[in-house]
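Reader: I would like to learn how to read helices and the residues around them. Could you take me through an example step by step?

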Amino acid sequence: RQANERKQTTTQYHNKRERETTMNHAQRLLAKDDHPYSIFRLPEALSCWQAVAVMGASYLGAGLLGALGSMLAHTSIIFPMLLGLLALVLVIAGTSGAGVCLTDLARGRPYRGVLSYCVAGLFSLPKLVGAGLLMLLLYGAVLLGVALVLLVCKLPGIGPVLLVVAVPLLVLTVALALLGYYVAVSIVGPAIWDGERVMHALSIAWSITRNHPFEAIGKIVGGLLLSGIFAAMVFGLVGISSLIVGGLAAPIIGVGMSLDWSALVGGYGGSHWVGAGVGYALVFVTASAFVFLLPLMVGVLTWCEFSDKVDR
């Protein structure tokens, strides 16, 4: 009886080990097949409240700066220009900070504080500006080369013959340059948010564009299509809801919702109109912060996937 019990125990142990081995093998196969940077991870960006907070705060601050600039426009034209420039810097810095947060999300890193993401976005601005200027210079060099070839084709006699060959080659060159520029713009920003230097980010973006052009462009276009569908749904829902609330507020509040600009200075109706305007601005700023996170997440996922496929 004891021998039979030991035999049954041994058999059960081996069966358990075999099941565990089979399950572990299946899990490894699933982990291998499951893409860690799939485009279907886009909704994860909407659950990242740090990115939403950074983006929304920057948009709201930029809107306040723009409103202040319009109020001071009658004093001097310098104030709208200066405050508009500050608003643009604030929007880019907030967007960049949100991109850093989404990069941490995609890479599986621990989150930082909201203030840390704001500072990181602000410090990444010089790199983004430098990379943007370099890419514009490179694209301008391509256009200058096209112009020089066309200038040679202007020669009498042989010029028309040269155009027969030059035009297809030039069209192909410009098309490839546009494709490379589009992919680079979508990748260089996330590369900088991931900690890469400007020249290194451009070098990796060039390697991705050269080795995986159609895969990268397909991922980017597919992600932007999904982002556009979600944006249309969100803004449509928010717009219809805003019209319904405004339609109910007009007969209830009455003069408070009228566009009486003379009442804006301390008037009863003007104060209600301003309050409603600020409330609507908060609604659309929040919706924009959610919607614009998705294109950022597309670039981040594209960078994370294809940067691992090239020699860094």
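Author: Let us begin with a pair of helices, keeping in mind that this is a predicted model. The axes of helix α5 (residues 125–152) and helix α6 (residues 159–193) come within 10 Å of each other, and they cross at roughly 180°.

Reader: What does a crossing at roughly 180° make of α5 and α6?

Author: Angles over 145 degrees count as roughly antiparallel, and therefore α5 is roughly antiparallel to α6. The residues of the contact between α5 and α6 comprise 23 nonpolar, 2 polar and 1 charged.

Reader: Which residues of helix α4 are buried?

Author: In helix α4 (residues 114–123), the buried residues are Tyr117, Ala120 and Gly121. Seen down the axis of α4, these buried residues fall within an arc of 100°, so they line one face of the helix. The general idea is that an α-helix has 3.6 residues a turn, so residues three or four places apart point the same way.

Reader: What covers the buried residues of α4, and which exposed residues does the face turned away from its buried side carry?

Author: The cover of the buried residues includes α2 (49–71), α3 (78–107) and α5, whereas the face of α4 turned away from its buried side carries the exposed residues Leu115 and Phe123.

Reader: Is serine 124, in the loop between α4 and α5, buried or exposed?

Author: Because buried means under 20% relative accessible area, serine 124, with a value of 6%, is buried. Leaving aside residues up to four places away in sequence, serine 124 touches Ser96, Ile192 and Trp193, and its side chain makes a polar contact with the side chain of serine 96 (2.4 Å).

Conventions
Residues numbered from 1 in each chain as written. Predicted model: local features only at pLDDT ≥ 70, side-chain atom pairs only at ≥ 80, totals over all residues. Heavy atoms only, no water. Axes fitted to C-alpha atoms, helices over the stretch in contact; angles between N-to-C directions. Helix = DSSP H or I, 4+ residues; strand = E, 2+ residues; numbered from the N terminus. Parallel < 35°, antiparallel > 145°, perpendicular 65-115°, else oblique. Nonpolar A, V, L, I, M, F, W, Y, C, P; charged D, E, K, R; others polar. Buried < 20%, exposed > 50% of the residue type's maximum accessible area, 1.4 Å probe, protein only. Arc of directions from axis to C-beta. Contact = heavy atoms within 4.5 Å. Polar contact = N/O pair within 3.5 Å; in protein donor to acceptor, adjacent residues only side chain to side chain.
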